[in-house]
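Colleague: I would like a close look at one part of this model. Please take the place where the two chains meet, then the charged pairs that go with the rest of the picture.

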Amino acid sequence: MRYVDEFRDPKTAKAIAARIHRDVDPNRDYAFMEFCGGHTHALCRFGLEDLLPDNISMIHGPGCPVCVLPVGRLDLAIELALSRPEVTLLTYGDMMRVPGGNGASLLSAKARGGDIRMIYSTTQAVDLARDNPDREIVLFAIGFETTTPPTAAAVKAARAAGLNNFTVLCNHVLTPAAIDAIMTTGSEQTRARLDGFIGPGHVSTIIGAEAYQGAVDKWGKPIVIAGFEPNDLLNAVHRLVNQVNRGGAQVENAFARAVRPGGNAVAQALCEEVFSLRDSFEWRGLGTIPASALRLSDGYQEFDAEQRFALTYTSKPDHKACACAEILRGEKSPVDCKVFARACTPEHPIGSCMVSPEGACAAYYLYGRYRDIKRTNEPAAA
Amino acid sequence: MCLALPAEVIAISGEVATVDLDGVQTPVSLAFLKDVTIGDYVVVHVGYALSRIDAETAAEQLAIMSGAEIQAHEGEPA
């Protein structure tokens, strides 16, 4: 595939890794957070950490919308689907198996008779509302800035089509707010060792490279925006090392083939029209963060599922054994969790980070759970 | 969730493009992207084109990554 294969070339990967080894200062440690769960998976899938010098550690960030959605928000959707027979709840596939309160999930609610369906695109949501005027179609909308404009487009299309049976249960969250939260609510230890961030590539196609200037100015840590292929990531690590070595704290756009300085103005304008900032929003792991998520704007209240169905949010605790919260804050690695790959597996997940295709635990389980096991070529003793 | 893939635009009809995603042809909304022409590659996410891939920038980046540019500069007379 064009723009994929070229950025996976192993010879180039080795060349970039060699440059990183050449340029690191052996007398110090480096710790970088890849914000986005898609980056975490690429790191694990391609074994990139094994190419890095021992004094560079990658800390996995909270950029996985499925992971950061708290139990209480998921339970709102499950309860809505089960208590209102007229409701058809639509969601992207990654949400289906995430455990909510009491181990229930959208999938188990579907088995109990809830009309819950997976969609690929929000255009399907509008089509379903149009084709089923006797059903209340509710889009369970989650995601960072990448996924927000498609929700806004669906709301606009529903209004244009005069649909009054379409609403959105809105859980869209904001990347810069999460970076701030890492730097304010994260542990002192994590903050102190963090030298910089790899910025999320696809989020940045919407919000633009300039959107990180505030965070860089405030926290004095470099941010390098990267694409999702292995060589994109290695290149971003190299640029971070160089910035740290010269004491820099700048936004660098290493995904310039797709990310413009100002982002996608059309998508931004649409989101601004359809959504407004919530005063605050609870995140799994990061706590309640002011101005970190979106709701339907005043002009679009009739599309707000929370209004139409009088839903009230209640905060609910995570499973006691689950370390997702600490993992999302970068304080723990999946292997530090005592239920990782034992009680908690992708087949029987206890926490969201094991379910989502972007979760750090799922990445470790899929690609890294045998990584530390010593291999030996000696035949087993007879 | 934020996963997206580069795909080639092979047809455009109003606000909807048909893209070729590694052999699979699928409709993609151009609601957020106005300046697209056939042959362009776009970043596709949940049925929407988010951004146009700039071929020139991509080529430059590849050259820098592979070290070609560095070698070329090193080979030049001072």
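Modeller: What follows covers the smaller topics in turn: chain B, its contact with chain A, and the salt bridges. Keep in mind that this is a predicted model.

Start with chain B. It has 2 helices and 5 strands. From the N terminus, the order is β-β-β-β-β-α-α. Of its 78 residues, 44% are buried. Its accessible surface is about 3,900 Å², and carbon and sulfur atoms hold 55% of that.

Now the contact. Chain B brings 34 residues and chain A brings 45 residues. About 3,300 Å² is buried between the two chains, with 67% from carbon and sulfur atoms. Which parts of chain B supply at least two residues each to the side that touches chain A? They are strand 1 (5-13), strand 4 (41-45), strand 5 (48-52) and helix 1 (55-66). Helix 1 of chain B gives the most, with 8 residues. By type, the residues on this side of chain B divide into 23 nonpolar, 7 polar and 4 charged. How many salt bridges are counted between chain B and chain A? The count is 0. Polar contacts between the two chains come to 12 residue pairs, both residues at pLDDT 80 or more.

Salt bridges do occur elsewhere. Over all chains, the whole structure has 22. One of them joins the side chains of A:Asp75 and A:Lys316, at 2.9 Å from N to O. A:Asp75 sits in helix 4 (residues 71-83) of chain A, and A:Lys316 in the loop between helix 14 (305-308) and helix 15 (324-328), so the pair ties together parts 241 residues apart in sequence. A:Asp75 is buried, at 7% relative accessibility. A:Lys316 is partly exposed, at 29%.

Another salt bridge pairs A:Glu273 with A:Lys156, with the closest N and O atoms 3.1 Å apart. This pair links helix 13 (residues 265-274) of chain A, which holds A:Glu273, to helix 7 (residues 148-160), which holds A:Lys156; the two residues are 117 residues apart. Here A:Glu273 is partly exposed at 35% relative accessibility, and A:Lys156 is partly exposed at 32%.

A further pair is A:Arg239 and A:Glu252, at 2.9 Å from N to O. A:Arg239 lies in helix 12 (residues 230-245) of chain A and A:Glu252 in strand 9 (residues 251-253), 13 residues apart. A:Arg239 is partly exposed at 25%, whereas A:Glu252 is buried at 16%.

Key. Residues numbered from 1 in each chain as written. Chains lettered and ligands numbered in written order. Predicted model: local features only at pLDDT ≥ 70, side-chain atom pairs only at ≥ 80, totals over all residues. Heavy atoms only, no water. Helix = DSSP H or I, 4+ residues; strand = E, 2+ residues; numbered from the N terminus. Buried < 20%, exposed > 50% of the residue type's maximum accessible area, 1.4 Å probe, protein only. Areas by Shrake-Rupley, 256 points an atom, 1.4 Å probe, with all protein chains shown as cover. Contact = heavy atoms within 4.5 Å. Buried area = accessible area lost by both parts, 1.4 Å probe. Salt bridge = Lys/Arg side-chain N within 4 Å of Asp/Glu carboxyl O. Polar contact = N/O pair within 3.5 Å; in protein donor to acceptor, adjacent residues only side chain to side chain. Nonpolar A, V, L, I, M, F, W, Y, C, P; charged D, E, K, R; others polar.
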